[in-house]
Every structure is written in structure tokens, then in C-alpha cells.
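Got your viewer open and a selection box ready? Let's walk through this one stop by stop.

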Amino acid sequence: MKHIRFFIGAMLVIYTVSLTLNFVLILLICVDSHLHMPMYFLLSQLALMDMMLISSTVPKMATNFFSGRRNISRVACGTQIFFFLTLGIAECILITLMSYDRYVAICNPLRYALIMSQKVCLQMAATSWAGGALTSLTHTAYTMHFPICGSREISHFLCEVMAILKLACEDVSAYEKAVIVTSIVVLLIPLSLIMFSYALIFLAILHMKSPEGRDKALATCSSHLTVVCLYYGPAMVVYMRPSSYRNPKLDQVLLVLGPILTPLLNPLIYGLRNKEVVGALRKVLS
């Protein structure tokens, strides 16, 4: 590709800033007692997933460029697919659960502490990690069992399911349909639940008498909806298109917009627009 040096340089800057911002966000949530709330616990899990997600792609890309050897072993390729899918799916599940947290906080505030107990929060985090790992393990094992013949050149920045399937010798059309079905389960159903939760939330906001409470609720929800669009938009375009409509260049662009830029934007969206997080940062710096 053209301007490869600029691209790799930009990726390394994004990677460094993303790791720093997400680490600072996790640190603030740990050290500030005012942030020891269910919403911020789930946010710390999202930040951890973001750090691991971007680390599953960018370091290998940079290593390939600086070493001049753009190759990867079959085991390493399967490992990269596993972690990439695990973290991506886990984040989709976690974002859905975060919308439920906002629903309870706004629509049922008096019972919030009872419903969103520490045990429930831990179960939500465990469900996200386990759901991502199990789904990813199935797809990784099935993708890597196909024999590869002819060209072994992966038309992507990383080992990715759809890019690997293009190299397979066998007919993979049935499995590609299974990937689309899985995408519907992992993407469309959670997205539908999120939209339903926010429909109820906005109805509750409209009936709020306090302007301050309404503004705070809208600010929190708008941040979450922005993150939802950043995650679900690129993923739906990549994994829910039939193979006849696939465009490798578009998939590469969406990789940059999704799993690489999103971990950078998340702490900015949740941090700079959140008075509690900004207050905790000022307290630590002072």
C-alpha cells in the first residue's frame, strides 16, 4: 500500500495514546471511591478489553513492517483470530449489559443499588468474557481446520476469519452463512436490546421534572450510544455482508475505524464528557 510509513507511524501513535488513556481510566476508577459504582466497574472492563483488543493487532503489524518479514505461523494466526474475536464479541455483550445498567439507573433509581449489586456486576463481566471466548473458540477452530492451497497471501493487515476463508481449498459457503447467522445473534439481537432499553430510557427522561437530572441522563446516554455506533457499525458491515459483496479494501478501512480507533475514542467519550471522571482526574493530579 502507499504511504505505509505514515500508516504504521499513525497506528503506533494511536496504540500508545490508547493504552495510556485506558490505563489512566482504569486507574482512576480503582483509586477514587466516588467511582466505585456499577457503571464505572463495567467501564473499567471495557477499557481493559480495549487495551487487549488493540494489542492483538497493532504490535504484530508494526513488527512485520520494521522486520521486513510479513509472515505469520499458522498457530500464531489462529491465536490472533481467537483473541481478536474474543475481545470483539465480549465488548458487544458488555455494551449491551451497560445499556441495561443505564436503564435501571434512570428508570428504576430507587432499586438501582439492589438490582446492580456487586455480585450482579461480576456476573455481567464474567458473562461477557466467557461468551466472547466460547464463541471465538468455535469459530477459530473451524476456520483454521480448512486446508489452504494456492496463494497464502492474506489480503488484510491481520489474520481475520473472512480473509482466511478466501484462501481455503474447500467450499466454505455453508460456513460463511454460519458466520452471518452468528453475527445476527451477536450483533443484531444485542443491538435490538440496546435500542429497546434506550427507547424506555428516553421516555423516562421526557417525564423528568428536573432539568439538571435530564441533562445528566442525556449526557451519559449520548456517550454510550456513540460507543454503540462505533462498535456495531463496522462489525455489521464486515460480518453481515454476503461474500459476493465483500471488498477487501473496505474491510481494511473498517478495521482501522473499528478495533483500532475505537479503543482510542472510548476513554475520551466516557472521560471528557463525564464530570465524575474529570473530577477524579483533577483530584489525582492535584
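## Stop 1: an arginine in H4

Select arginine 102, which sits in helix H4. One thing to keep in mind as you click around: this is a predicted model. Is arginine 102 buried or exposed? It counts as buried, because its relative accessibility is 11%. Now show what surrounds it: skipping residues up to four places away in sequence, arginine 102 touches Met39, Tyr112, Tyr198, Ile201 and Thr220.

Add aspartate 101 to the selection. Its side chain and that of arginine 102 meet in a salt bridge, with N to O at 2.9 Å. Aspartate 101 is buried too, at 1% relative accessibility.

## Stop 2: the other salt bridge

How many salt bridges are there by the rule used here? The count is two. You've just seen the pair of aspartate 101 and arginine 102; for another, select aspartate 32 and lysine 283, whose side chains meet at 3.5 Å, N to O. Aspartate 32 is in the loop between H1 and helix H2 (38-55) and lysine 283 is in helix H12, so this salt bridge ties together parts 251 residues apart in sequence. Colour the two by accessibility: aspartate 32 is buried, with a relative accessible area of 7%, while lysine 283 comes out as partly exposed at 46%.

## Stop 3: a greasy patch on the surface

Stay with H1 and H12 and switch on the surface. Select Phe23, Val24, Leu27, Val31, Leu281, Val284 and Leu285: together they make a nonpolar surface patch of about 640 Å². Helix H1 (4-31) and helix H12 (275-285) each supply at least two of the patch residues. Which helix gives the most? That's H1, with four residues.

Zoom in on leucine 27, one of the patch residues, in helix H1. Its relative accessibility is 41%, so leucine 27 counts as partly exposed.

For contrast, pick asparagine 22, also found in helix H1. Asparagine 22 has 0% relative accessibility and so counts as buried. Leaving out neighbours within four places in sequence, asparagine 22 is in contact with Ala47, Asp50, Met51, Pro263 and Pro267.

## Stop 4: into the core

Hide the surface and go inside. The largest nonpolar core has 74 residues. Which of them have the most contacts inside this core? Select Leu43, Leu46, Ile81, Ile95, Tyr232 and Ile260 to see them. H4 gives the most to this core, with 13 residues.

Keep leucine 46 selected and expand to its contacts. Apart from neighbours within four places in sequence, leucine 46 is in contact with Glu91, Leu94, Ile95, Met98, Tyr231, Asn266 and Tyr270. Ile95, as you'll recall, is on the list of residues with the most contacts in the core.

## Stop 5: the cysteines

Now select the cysteines. How many disulfides does a search of the whole structure find? One. Cysteine 77 and cysteine 159 form it, with their sulfur atoms 2.1 Å apart. The link connects distant parts of the chain: cysteine 77 is in helix H4 (residues 74-107), cysteine 159 is in the loop between helix H6 (118-144) and helix H7 (161-165), and the two are 82 residues apart. Put a dihedral on the S-S bond and you'll find -120°, a left-handed link. Both cysteine 77 and cysteine 159 are buried.

Next, click cysteine 30, which is in no disulfide; the nearest cysteine sulfur belongs to cysteine 121 and is 14 Å away. Cysteine 30 counts as exposed, because its relative accessibility is 51% and the cut-off for exposed is over 50%.

Cysteine 92 is in no disulfide either, and there the nearest cysteine sulfur, that of cysteine 229, is 13 Å away. At 6% relative accessibility, cysteine 92 counts as buried.

## Stop 6: a leucine in a loop

Last selection: leucine 167, found in the loop between H7 and helix H8 (173-206). Buried or exposed? Leucine 167 is buried, at 12% relative accessibility. Show its contacts: not counting residues up to four places away in sequence, leucine 167 touches Pro147, Ile148, Cys149, Ser151, Arg152, Glu153 and Ile154. To finish, draw a C-alpha to C-alpha distance from leucine 167 to leucine 137: they are 30 residues apart in sequence and 20 Å apart in space.

Technical notes. Residues numbered from 1 in each chain as written. Predicted model: local features only at pLDDT ≥ 70, side-chain atom pairs only at ≥ 80, totals over all residues. Heavy atoms only, no water. Disulfide = S-S within 2.5 Å. Buried < 20%, exposed > 50% of the residue type's maximum accessible area, 1.4 Å probe, protein only. Patch = residues over 30% accessible without salt bridge, like charges linked within 9 Å, V, L, I, M, F, W, Y side chains within 5 Å. Areas by Shrake-Rupley, 256 points an atom, 1.4 Å probe, with all protein chains shown as cover. Salt bridge = Lys/Arg side-chain N within 4 Å of Asp/Glu carboxyl O. Contact = heavy atoms within 4.5 Å. Core = buried A, V, L, I, M, F, W, Y, C linked by side-chain atoms within 4.5 Å.
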